[in-house]
Each structure stands twice: as C-alpha cells, then as structure tokens.
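These are my notebook entries on what I looked up in this structure, taken place by place. I began with the backbone and then turned to the DNA.

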There are 2 protein chains.
Amino acid sequence: MTTIEPPQPRFAQIAGVLRDRIAREIYKGGEPLPSEPELAKEFGVSRITINRAVGILRTDGLVRVVRGRGTFVRAIPVVTRRANSRFVARDQGLGAFDVEVRDLGMKPGSEVVVDRVPASDRAAELLQVEPGSEVVVRRRRFFANDEPVQVADSYIPGPLAEEAGVTEADTGPGGSYSRLAEVGRAPVFFSETVSCRGASASEAKLLEMEPQQPVLEVLLIASDRDHIPVSVTQHVMAGHQWKLNYEWSDDSERVDA
Amino acid sequence: MTTIEPPQPRFAQIAGVLRDRIAREIYKGGEPLPSEPELAKEFGVSRITINRAVGILRTDGLVRVVRGRGTFVRAIPVVTRRANSRFVARDQGLGAFDVEVRDLGMKPGSEVVVDRVPASDRAAELLQVEPGSEVVVRRRRFFANDEPVQVADSYIPGPLAEEAGVTEADTGPGGSYSRLAEVGRAPVFFSETVSCRGASASEAKLLEMEPQQPVLEVLLIASDRDHIPVSVTQHVMAGHQWKLNYEWSDDSERVDA
DNA sequence: CAGTGGTCTAGACCACCAC
DNA sequence: TGGTGGTCTAGACCACTGC
C-alpha cells in the first residue's frame, strides 16, 4: 500500500503517480493498468477516487478504456506536420501524410468518401461562391498503424471539381492539387488557421478518443495564382499526437536595407 | 424542475443544457450561475452530478469558479495571432500583441521579468550553445482587459543579449528584435512548432484557468541571416481564446513553369 | 455565521466482456 | 457468472467568501 498525503487533492496525486509509472514503463504501452478496485486498495482510497484519477489520464490521451476489459496504456506516436514543405513530395506521387507517417516507421492508411452538397453559408464564404451552390466534399480519415489520427473534410466548388476530375474517391498521382494544377488552377497561396478545443462527441468517436480531450483544428484555404480559393479543408486531429510546424523568412529586412 | 432522461449520462446532458443557456445569454457573461444546490433541485439530481457537469464547462473555458463566491460565466474574446505579419508593426514602436488586442477593442497589458540562468540541455540545443552557458530569459505575461491570456518565455544567448542591450525589462521601441537588428543580428528566419495539451498546474495558475483545460504551445525559433538562432521563445496560451494564422505561397510553381 | 464550491466515502445499479 | 469500468446518490467534512 502506497500512502498519499493531501496538499493536492488525492485524485490529482494519484494521477501523477500513475502518469509517472507509465513514463517509467512500469505500466507498458498496450498493457492494461491494474483494475480500479486493485488500485483503490493499493492507494487506500475508494474506487471512485481512482476512477477520477484515471479520468485525468484519459483526457491526457495516456490511456484508453475498453468497457468490460480494462484500461490500457496507449502507444503515443507524435507526428510532425510540416505545413510549408508538405506538398513537395507530390511530384513523386506520394501524399504528404504518407511521408510524415512513414518517417516514423509506421504504416499509413486512409479512407475517402466523396459527396456533393449545397454549400453552407460558412463554406460559401470561404470558397467565395453562392451559398447553396453545389460543392464537392471529400471526407477523409487517416490512420497510422491502423489507429485513426486525423479527419479532414475538403470542399471544392462543384464546377471546378468537374473540370479537374476530382469527383471520384481516387484522384490519381499527386492527389487533387495535381489535378487542379493540370487545369491551370494550381493552389499557390495557402492560409492556415489553427485552433485548439475539446473534441465533440462525433469527433471523439471517429478518432477513437475521449470527448473533452484536446484536438487541433486546422482550416486550410488554398488559392490559385489569382488569389481565388480552389479548396478549403478542415483538419481535426488528436491534440496529443500531432505537432504542426511552420517556417518563413522576413523579406522586409532586405527591402529596408 | 426540468426533467432529464438518460441515453447520454445525465451530467453530460446537464452540461449541454447549461452550455446552451450561456450561448443564449440566459446566463450572461460575468454573471454567476445559480448555485449548485439550486441547480441540483432544478434538474432533480444530486449536487455531485451538477458539480461534474460544471466541471465540463470549466474544462471548456466557459465558466470560472471563485471559491466561496460562485461560478461565473466567462467573457471569451478570441484573439487571432497572425504569425507572418505580426512583426510589421514594430517600426511604429508597437508590439505585435498590442496591435492584436487593440484590434478587438480591448486593453493590452504585459509584465516582464528578466533573469540569467545556465542553459538547460533543451534550450542549449535549440540555441546551438553549450549546455550550462549563460542565457538571458525574459519571462513575459500578457493581458487583455486585465485578464492574463498568454505567457511567453524568451531565451537569448548571454553574450548576444549583452551586445544588443536586451538585459533589462524595457528593451526600447520595437522590442528586442529591433535591438538585435541594430547589432547586425536581425531575426530573418522563423520556425514555429505548435502543439496542444492540457495545462500544467503552474500554467493554469498563471493564466487563471483550469488544469486540464487545453492550451496552445508555440515554440518560436528566430534565426539571423546566417541561420544562427538568436532567440527561442515558448508561448503558452489558453486554447479557447486564441487562433493562430499562417500564410505562405508555393514558389515552386514558378520554378517548374 | 451562512453560503459557496471541492473532495471523499460507501453502497448501489448498470453495460459490457470473457469464460 | 464474475470481472471490468460508468454512473448516481446521500451524507459528510473542508476551505474560502462575505456579512
């Protein structure tokens, strides 16, 4: 029995101890924690207090609970997404995501569903089209070692999608950006807006994570050389398994000099 | 008395109802929610269930609890930080943060503490200096309408900080980047890495938010024209009140054409 | 002092899983 | 059927606030 004294609440202290044990691999990735009654006995508290401590680890993305079986330590690979350079690989016919995941020695995978819907007010504004006009939506889900790590919904104006031939699930080598380039509408200007919030219930289900757990949301607007938007994508990814990288230089120094 | 039926857990349903009331301004910004015993009576559940529902709103950043007084609805202004263009204002002697906050009609503020410490292994690696060598740390805290919204710790190699004269709290017009420019070490290349996680206990205190609430962490590395790092800054901000924007263009299209 | 929220317990019932 | 975690209750004690 390990004793716990309270300057901090006990559930927080216990969460700390469990976190530490996971870090030290006393509880190893993929393996179950001791059951809640066992932990309650060890720490000399009620099961509910243990349950609350485990709740913290869940929200941190450290463990995953399977009802009726137990609480398992997650293997947490962190993927770095390099926004500025992520499309350079497309000439080799590889998606940016594939490269990022393969670099970590993991197996990439994805699902796509294509749909046609009338543009919502928000989508219409971002794409600079009439609200209600047809847009093609590509709903993708990405996997690393068969675990879902990201969902991304892309919106392309209907007529442009027809012209570029990106209305099917398979958009050919280099993906939809390459098809857009072939019809003279290559995406050249990019704007990404990043925010961070708790996962909604539906997102939590798709990403096999807990509601409340932080997600990163990235809104990517890609525009052609005339600054006309050709594609808008909303990415949602589990906060604990991604880092986003951006690089740029400040040209104004040269101008001033 | 409002009845609640359980396909979802009751605390989640109640959290939903309360969230909705805040959105509809039945509970207005700055005002207190009804007390937990009152809400327990209204929904016909125990106070603990109410407490758990309120816990969700806290983690969402929607309310703020003051011990012994009550639970208050937060006013949540969302600040957009435009990474690429945020330093253009420095020639007018204004910090980027000041401009961002003033644009929202709010009053900006900040605190600075300057310190000298031996470089940690991590800081040394990022700054490309010897571990243990002296670095100057500027610990800043930023406020909007007197509410803390961001902490940022900047690290500059000791000798460079001396040369540029940024060892005092006040770094003069345009801030430390302008002083670095004056000694020929203007930051020109920038790299930012964004991640998202639950706030630590100490961060939660500094930012007056809840532990567990999502924060955005931004690691900014600024380098001079020779790609030598001159400053590394770790920003931590409350997730619910910030958006980060990045823009870039793909020059390779022109090269290929 | 009464009122606020924070935490903990014991006991209970449920859904789900593996055997 | 027994073990897992999910949720809820009633009752209790605490720390903090404002009067």
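**Entry 1: B:Glu25.** I asked first whether B:Glu25 is buried or exposed. In this predicted model, B:Glu25 has a relative accessible area of 51%, which is over 50%, so I entered the residue as exposed. I located B:Glu25 in the loop between α1 and α2 of chain B, and I noted that its phi is near 60°, a positive value although the residue is not glycine. I looked at this angle because most residues other than glycine have a negative phi.

**Entry 2: B:Asn145.** I found a second positive phi in a non-glycine residue at B:Asn145, where the angle is near 50°. B:Asn145 sits in the loop that joins β5 (134-144) to β6 (147-157) in chain B. The relative accessible area of B:Asn145 is 39%, and I therefore wrote this residue down as partly exposed.

**Entry 3: two helices of chain A.** How do the axes of α2 (residues 36-43) and α3 of chain A cross? I read that they come within 8 Å and cross at roughly 105°, which means that α2(A) is roughly perpendicular to α3(A). From α2(A), the residues that take part are A:Glu36, A:Pro37, A:Leu39, A:Ala40 and A:Phe43, and they meet A:Arg47, A:Ile50, A:Asn51 and A:Val54 of α3(A). I sorted the residues of this contact into six nonpolar, one polar and two charged.

**Entry 4: DNA strand C.** I found 25 residues around DNA strand C, and the closest are A:Arg10, A:Ser46, A:Ile48, A:Thr49 and B:Arg58. The elements that each supply at least two residues to the surface near this strand are α1 (10-23) and α3 (47-59) of chain A, along with α2 (36-43), α3 (47-59) and β2 (70-73) of chain B. By type, I recorded seven nonpolar, eight polar and 10 charged residues on this surface.

Which part of DNA strand C do the atoms within 4 Å of the protein belong to? Sugar or phosphate accounts for 72% of them, and bases for the rest. I then looked up individual polar contacts: an N or O atom in the side chain of A:Arg52 is 3.1 Å from a phosphate oxygen of strand C, and a polar side-chain atom of B:Ser35 lies 3.3 Å from a phosphate oxygen of strand C. For B:Arg67, a polar side-chain atom lies 3.3 Å from a sugar or linking oxygen of DNA strand C.

**Entry 5: DNA strand D.** Around DNA strand D I again read 25 residues, the closest being A:Arg58, B:Arg10, B:Ser46, B:Ile48 and B:Thr49. Of the atoms of this strand within 4 Å of the protein, 73% belong to sugar or phosphate, while the rest belong to bases.

I noted that a base oxygen of DNA strand D is 2.9 Å from an N or O atom in the side chain of A:Arg47, a residue I had already listed in the contact of α2(A) with α3(A). B:Ser46 places a polar side-chain atom 2.8 Å from a phosphate oxygen of strand D. B:Arg67, entered above for strand C, also has a polar side-chain atom 3.1 Å from a sugar or linking oxygen of DNA strand D. Two or more residues of the surface near strand D come from each of α2, α3 and β2 (70-73) of chain A and α1 (10-23) and α3 of chain B. I closed the entry with the residue types near strand D, which are seven nonpolar, eight polar and 10 charged.

Key:
Residues numbered from 1 in each chain as written. Chains lettered and ligands numbered in written order. Predicted model: local features only at pLDDT ≥ 70, side-chain atom pairs only at ≥ 80, totals over all residues. Heavy atoms only, no water. Near = heavy atom within 4 Å. Polar contact = N/O pair within 3.5 Å; in protein donor to acceptor, adjacent residues only side chain to side chain. Helix = DSSP H or I, 4+ residues; strand = E, 2+ residues; numbered from the N terminus. Nonpolar A, V, L, I, M, F, W, Y, C, P; charged D, E, K, R; others polar. Axes fitted to C-alpha atoms, helices over the stretch in contact; angles between N-to-C directions. Parallel < 35°, antiparallel > 145°, perpendicular 65-115°, else oblique. Contact = heavy atoms within 4.5 Å. Buried < 20%, exposed > 50% of the residue type's maximum accessible area, 1.4 Å probe, protein only.
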